[in-house]
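Biologist: I'm new to this structure and would like a close look at one part of it. Could you start there and then walk me through the surroundings?

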Amino acid sequence: MKKFYLVFAFLLFLIINNWNLFSCSEIFINNTSKISARNFDFMFSDGLIRISPRGQQRESDYTNAGDKKMSWISKFGSVSFLLKLPRLNAEIDSELILAGIDGINEKGFKVGTYYLADAEFNDSENVTTLSISILMQYLLDNFDSVDSAILDITSGKYNVIEVPTELFPIRLHYYLHDINGNSAIVEFLKGETIIYKNPEIEVLTNTPYNEALTALKEYDGFGGTNSIPGTQGSIERFVRGAYYAKHLPELKSNNYVNFGFAAIQTVSVSPQFDHISTQWTIVTDLMNKMIYFRTLDNPSISYIFLEEIDFDKLQSEMFLNFTELKLDGNVLNKFDYVPQKE
């Protein structure tokens, strides 16, 4: 037990003094294919995959005192990757919070979340709020395109708020994609919502996007003279991802997924301490509605084909503890019963 508390205290020290521990990255390959390749980098890997039906009643999983929780009923079915985290006070709140990391709905609209320590949210009081940890699922539940999601996010009908946990406050920015190749980066900075529609550099790490673009200009091939870096900081990964995306060779086959895994490998974080590294890699083929993934502990590639899920018949949520199982290939039959299309 004493060893546990020492490790926990050490991790807290690292978090407080080094936000680069949250070093997730995405490269979007937007050519004849629409491939989102992303890493989830963290101290531990404990997570679930959830298949969600239409008609699911939900509400924000956290709100500030005096505010009203956003609530809704899902319009679309989806598949999402969730991280299990302890709440701020487990004696008062629920034991765990399921924070959305990545997901796609049945219409081919995809949402990815990435830690952003610089995020600052609107702190108005007595308003309807939506927690940053569940915003991803809210978007997957309700929208079928980047444009419709942006209209809602900027509508002013709710405030997005951060979520405290026992480890750190959840602060994120978002990368949205749809089946038509439209994209948007969504950030919450100084109380304002910032949108970058169809960004010129289709890479996202853990730096405000505009700051990353400014830093990129200092590097060879982007207007500067600095060599492409090999270290693991947020800017370094952004530059390396941009360089790879710029020099992506012309593909002579339709196997874009392999290029997705190869691209995101260039910005992976190798273990520096126990479990501080790339824990999950997720490559999503939007046009074909295929999700491929692997983990640090299991490098075999598994996949889920959305078209095999019959959302017309699905009545309840299904879960897969994908980080504790040695999976490979099609994993749909590893969930609790999911109606499959004939």
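Biologist: In which loop does Asn126 lie?

Modeller: Asn126 lies in the loop that runs between β9 (110-115) and β10 (128-131). Bear in mind that this is a predicted model. The residue has a phi near 55°, a positive value in a residue other than glycine. For background, most residues other than glycine have a negative phi. As for its surroundings, Asn126 is exposed, because its relative accessible area is 62% and the cut-off for exposed is over 50%.

There's another residue to look at alongside it. Asn198 also isn't a glycine, yet its phi is positive, at about 45°. You'll find Asn198 in the loop between β14 (192-197) and β15 (203-204). With a relative accessible area of 39%, Asn198 is partly exposed.

Now let's step back to the whole chain. The protein chain holds six helices and 20 strands. It has 342 residues, and 56% of them count as buried. If you take the contacts with a separation of 6 or more, 67% of them are between residues 24 or more positions apart.

From the loops, let's move to the core. In soluble globular proteins, nonpolar side chains tend to be buried together. Here, the largest nonpolar core has 99 residues, and the ones that touch the most other members are Ile51, Ile132, Leu135, Leu139, Leu176 and Phe335. Helix α2 (residues 132-142) gives this core its largest share, seven residues. Take Leu135 as an example: leaving aside neighbours within four places in sequence, Leu135 is in contact with Leu130, Tyr158, Val160, Tyr174 and Phe188.

Go on along the chain and you get to Phe143, in the loop between α2 and α3 (146-153). Although it sits in a loop, Phe143 counts as buried, because its relative accessibility is 11% and the cut-off for buried is under 20%. Not counting residues up to four places away in sequence, Phe143 touches Phe76, Asn105, Phe109, Tyr138, Ser148, Ala149 and Asp152. One of those partners, Asn105, is 38 residues away in sequence, with 8.7 Å between the two C-alpha atoms.

Tyr138 turns up again when you look at Arg58, which is found in strand β4 (residues 57-59). Those two are 80 residues apart along the chain, and their C-alpha atoms are separated by 8.4 Å. Arg58 counts as buried too, at 9% relative accessibility. Leaving out residues up to four places away in sequence, Arg58 touches Arg50, Ser52, Met70, Ser71, Trp72, Gln137, Asp141 and Glu317.

Finally, have a look at a pair of helices. The axes of α4 (residues 209-216) and α5 (residues 234-246) come within 10 Å and cross at roughly 70°, so α4 and α5 are roughly perpendicular to each other. The crossing in which α4 passes α5 is right-handed. On the α4 side, the contact is made by Tyr209, Glu211, Ala212, Leu213, Ala215 and Leu216, and on the α5 side by Ile235, Phe238, Val239 and Ala242. Sorted by type, the residues of this contact are nine nonpolar, no polar and one charged.

How values were computed
Residues are numbered from 1 along each chain as its sequence is written. Side-chain values use heavy atoms; hydrogens and water are left out. Axes are lines fitted to C-alpha atoms, for helices over the stretch in contact, and angles run from 0 to 180 degrees between N-to-C directions. Helices (H or I, at least four residues) and strands (E, at least two) are DSSP runs, numbered from the N terminus. Angles under 35 degrees count as roughly parallel, over 145 as roughly antiparallel, 65 to 115 as roughly perpendicular and the rest as oblique. A crossing is left-handed if the near helix is turned anticlockwise from the far one by less than a right angle, and right-handed if clockwise. Contact means heavy atoms within 4.5 Å. Ala, Val, Leu, Ile, Met, Phe, Trp, Tyr, Cys and Pro count as nonpolar, Asp, Glu, Lys and Arg as charged, and the others, Gly among them, as polar. A nonpolar core is a set of buried Ala, Val, Leu, Ile, Met, Phe, Trp, Tyr and Cys residues joined through side-chain atoms within 4.5 Å. Buried means under 20% relative accessible area, exposed over 50%, partly exposed in between (1.4 Å probe, protein chains only).
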